[in-house]
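Colleague: I've got this model open and would like to talk it through with you. Shall we start with the strands?

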Amino acid sequence: FSARMQAKNFGLGELAALAEYARAKGVRVYVAMNVLLKPGDARAAGGLIQRLARMVRPAALIVQDLGLLPVIRQAGFEGEIHISTLANATHPSALAVAKSLGASRVVLPRELNLDEVRLMAEACPEGLGLELFVHGALCHCVSGRCWWSSFFGGKSGLRGRCVQPCRRLYRQGGAKGKPERLFSCQDLSLDVLTKPLLDIPQIGSWKIEGRKKGPHYVYYVVTAYRMLRDQPGDPTTRK
């Protein structure tokens, strides 16, 4: 039930040990169940949530399918529920709905510009936090709401099986054309906007997308954004 189900993911036993290690280091662990469920999935999803609640005890679950929220509580999970960017909460009314359903955080879509982010923050209900992507891969479609991979072979991106056809090389103008990445977006990097983001208190977390990235990538990118967060007035941090 993760949008990264094709990655080499942790088993529950491994994840439980890593989550315990993270807690000892003061680090919060979130588990993504950010796909759309099909009619026969509720029982299996509920069973997985029960095991997560018992074995892993993550600080939060990240979900796209709003129908999963009552299942999460019925399964006995008492941690936070975060609404994924895939849920496309693009207007203030969506934040009110998220709060009414029991969410404690909404991850804003990457399509919003800074002015729109401010409007969302101003309308954010009390007790609901916001999270914003600042770095990483971009989907050519609206927050992953894409059926291209499904059309190519039934591997739905909304079910975590995307084969990323937008990242492939294509020829324009027949077989003699030069192969180009016609649909691939450049990756997101909001380093130049981090300073104004610090003035929006409702944004309690910056999100770095790490699509199957290794430990060195994680370390250096997180370190860079921590410097931008902690030393916003130091021009040397932006070189």
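Colleague: How many bridges hold β3 and strand β4 together, and in which sense do they pair?

Modeller: Keep in mind that this is a predicted model. Strand β4 covers residues 105-107, and in it Arg-105 stands opposite His-82. β3 and β4 pair in the parallel sense, and the number of bridges is two.

Colleague: Which residue in β3 is the bridge partner of Ile-62?

Modeller: Look at strand β2 (residues 60-63), which pairs with strand β3 (residues 80-83) in the parallel sense over four bridges. For Ile-62, the bridge partner in β3 is His-82.

Colleague: Is the β-α-β crossover from β3 to β4 right-handed or left-handed?

Modeller: Follow the chain out of β3 and you pass through helix α4 (residues 92-100) before reaching β4. The crossover from β2 to β3 goes through helix α3 (residues 68-74), and that one is right-handed. As for β3 to β4, the crossover is right-handed.

Colleague: Which helix gives the largest share of the largest nonpolar core?

Modeller: That core has 50 residues, and Ile-49, Leu-61, Val-63, Leu-68 and Val-106 have the most contacts inside it. Leaving aside neighbours within four places in sequence, Ile-49 touches residues including Met-33, Leu-61, Leu-68 and Phe-77. Nonpolar side chains in soluble globular proteins do tend to be buried together. The largest share here, five residues, comes from residues 42-56, that is, helix α2.

Colleague: Now the rings. What is the centre to centre distance for Trp-148 and Phe-183?

Modeller: Trp-148 is in helix α6 (residues 148-153), while Phe-183 is in the loop between α6 and β6, 35 residues apart. Ring pairs also link these two with Phe-152 and Tyr-170 into a cluster. The Trp-148 and Phe-183 pair is edge-to-face, with 85 degrees between the planes and a centre to centre distance of 4.9 Å.

Colleague: Is Trp-148 buried or exposed?

Modeller: Its partner Phe-183 has a relative accessible area of 37%, so Phe-183 is partly exposed. Buried means under 20%. Trp-148 is at 17% relative accessibility, so Trp-148 is buried.

Colleague: And Tyr-220, buried or exposed?

Modeller: Tyr-219 and Tyr-220 form an edge-to-face pair, 5.1 Å centre to centre. Exposed means over 50%, and Tyr-219 counts as exposed at 52%. Tyr-220 has 56% relative accessibility, so Tyr-220 is exposed.

Colleague: Last one: which ring does Arg-110 lie over?

Modeller: There's a charge over a ring at Lys-213 too, whose charged end sits 5.1 Å from the centre of the Tyr-217 ring. Arg-110 is 3.8 Å from the ring centre of the residue you want, and that residue is Phe-133.

Terms used:
Residues are numbered from 1 along each chain as its sequence is written. This is a predicted model: local features need pLDDT of at least 70, side-chain atom pairs count only at pLDDT 80 or more; totals for chains, interfaces and linings use all residues. Side-chain values use heavy atoms; hydrogens and water are left out. A nonpolar core is a set of buried Ala, Val, Leu, Ile, Met, Phe, Trp, Tyr and Cys residues joined through side-chain atoms within 4.5 Å. Buried means under 20% relative accessible area, exposed over 50%, partly exposed in between (1.4 Å probe, protein chains only). Contact means heavy atoms within 4.5 Å. Rings of Phe, Tyr and Trp (its six-membered ring) pair if their centres lie within 6.5 Å; planes under 30 degrees apart count as stacked, over 60 as edge-to-face and the rest as tilted. A charge sits over a ring if NZ of Lys or CZ of Arg is within 6 Å of the ring centre and within 35 degrees of the ring normal. Two strands pair if DSSP finds at least two bridges between them. A crossover is right-handed if, with the strands pointing away from the viewer, the path from the first strand over the helix to the second runs clockwise.
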